[in-house]
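Reader: Before I accept any labels on this model, I would like to hear the reasoning behind them. Please take them one at a time.

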Amino acid sequence: MNVSERYKIRRKKLLWHRAILIFALFLFLWLIFWGSFWISFFRIKSVEIDGTLELKKTNILVLEYLNGLNKFFIPKNNFFIVDTNEIEQLIKTQNLGVAVTKKHFPHTIKISFPEREAHFIICALNDICYYVNEAGLVYSESPQFSDYPLPLIVIKQNSVLQKDSALISLGDYFTNKNNVQYLNTLMLGLSKLDIETKIIEITNQNQSRAPFNFNEIKIFTPKEWYIYLDLQISAEVAINNIKLLFEQKIKNDKDKLQYIDMRFENKAFYMLY
């Protein structure tokens with residue numbers, strides 16, 4: 001064996017030794033890094049929940065989540081690993097509400113359900129109904145009533161009226177900000193005219209889930225007469241035209257109304273029995 005071959009053999013062995021050493025060092029550092037996620041000091045030990053009647057269910061759900069491992073076999077209850085967005089989504093999927101989750105160093109999670117005021121009720125495909133606040137947020141499950149205490153939003157799709165025709169989930173906004181603002185202004189204006197709203201029928205533009213786009217709505221009263229509206233005409237103008245219509249035309253014949261059609265600017269149509 002000549003000198004050159006001996007040199008090549010020694011060099012190859014040296015490279016192997018270095019590779020093994022680097023691999024061992026990398027494995028050692030990785031085990032230290034991985035093991036650090038199991039340190040007790042950085043594990044979530046306290047879950048504080050506020051603002052919900054489903055305290056026990058929420059607590060059990062969150063604890064079950066925290067006691068699991070993620071796809072890297074790292075405990076989910078490590079302070080730096082725990083995913084607050086995932087917890088919030090988990091609470092939504094179990095219809096427990098729309099929560100806000102925050103981490104507090106080193107081992108506390110606080111889950112709160114902000115107080116919100118219901119303005120509407122809307123129902124989903126699975127026959128579950130929800131409360132909707134003034135911003136259009138679907139935020140809490142609602143009982144099913146024989147006589148709804150708030151305006152019930154129903155969806156009209158493909159010329160068929162179905163209160164549960166579309167997919168809606170907790171945390172959704174059922175429509176965009178402009179449409180919600182229109183409905184809020186309209187509800188306030190109608191209440192000032194002593195017109196009670198029972199059902200808001202939305203003509204949905206062939207969307208299968210929230211948020212829905214719509215240009216026309218019908219407002220049904222408990223007396224079963226309705227107001228037909230186009231959102232291209234502002235709610236303020238529509239309210240003012242309805243007021244003038246009652247003052248100048250309908251007057252004392254309110255109980256004889258079948259409908260009012262306000263879809264045309266500067267024009268109003270109505271029908272009496």
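Author: This is a predicted model. A place to begin is Arg263, whose charged end sits over the ring of Tyr228, 3.8 Å from the ring centre.

Reader: What makes Arg263 count as sitting over the ring of Tyr228?

Author: The distance cut-off is 6 Å from CZ of Arg to the ring centre, and the atom must also be within 35 degrees of the ring normal. The value for Arg263 and Tyr228 is 3.8 Å, so the distance condition of 6 Å is met. Lys103 is placed in a similar way over the face of Phe79, at 5.1 Å from the ring centre.

Reader: Which acidic residue meets the side chain of Arg263 in a salt bridge?

Author: Asp261 does, with 2.7 Å from N to O. The limit is 4 Å, so the pair qualifies as a salt bridge.

Reader: Are Asp261 and Arg263 buried or exposed?

Author: Asp261 has 8% relative accessibility; the limit for buried is under 20%, so Asp261 is called buried. Arg263 has 24%, which falls between 20% and 50%, so Arg263 is called partly exposed.

Reader: How many salt bridges are there by this rule?

Author: The count is five. One of them joins the side chains of Lys110 and Glu48, at 3.9 Å from N to O. That value is within 4 Å, so the pair is counted.

Reader: Why is the pair of Lys110 and Glu48 said to tie parts together?

Author: Because Lys110 belongs to strand 3 and Glu48 to strand 1, the pair links parts that are 62 residues apart in sequence. Lys110 is partly exposed at 36% relative accessibility, and Glu48 is partly exposed with a relative accessible area of 36%.

Reader: What makes Lys256 and Asp253 a salt bridge?

Author: Their side chains meet at 3.8 Å, N to O, and the limit is 4 Å, so the label holds. Lys256 is partly exposed at 45%, as is Asp253 at 25%.

Reader: How do you know that strand 1 and strand 3 pair?

Author: At least two bridges are needed. Strand 1 (residues 46-50) and strand 3 (residues 108-112) run parallel and are joined by five bridges, so the condition of at least two is met. Within this pairing, Ile49 stands opposite Ile111.

Reader: In what sense do strand 2 and strand 3 pair?

Author: Strand 2 (residues 100-104) pairs with strand 3 in the antiparallel sense, over five bridges. Lys102 has Lys110 as its bridge partner in strand 3. A hairpin of three residues connects strand 2 to strand 3.

Reader: How many aromatic pairs does a search of the whole structure find?

Author: The search finds 13. Among them are Phe42 and Phe105, with 6.1 Å centre to centre and 50° between the planes.

Reader: Why is the pair of Phe42 and Phe105 called tilted?

Author: The centres, at 6.1 Å, meet the limit of 6.5 Å for a pair. Under 30 degrees would be stacked and over 60 edge-to-face; 50° is neither, so the pair is tilted. Phe42 lies in the loop between helix 1 (3-36) and strand 1, and Phe105 in the loop between strand 2 and strand 3, 63 residues apart.

Reader: What makes Phe105 exposed and Phe42 partly exposed?

Author: Phe105 is at 52% relative accessibility, over the 50% cut-off, so Phe105 is called exposed. Phe42, at 23%, lies between 20% and 50%, so Phe42 is called partly exposed. Both belong to one aromatic cluster with Phe41, Phe79 and Phe80.

Definitions and conventions
Residues numbered from 1 in each chain as written. Predicted model: local features only at pLDDT ≥ 70, side-chain atom pairs only at ≥ 80, totals over all residues. Heavy atoms only, no water. Helix = DSSP H or I, 4+ residues; strand = E, 2+ residues; numbered from the N terminus. Buried < 20%, exposed > 50% of the residue type's maximum accessible area, 1.4 Å probe, protein only. Phe/Tyr/Trp six-rings, centres within 6.5 Å; stacked < 30°, edge-to-face > 60°.
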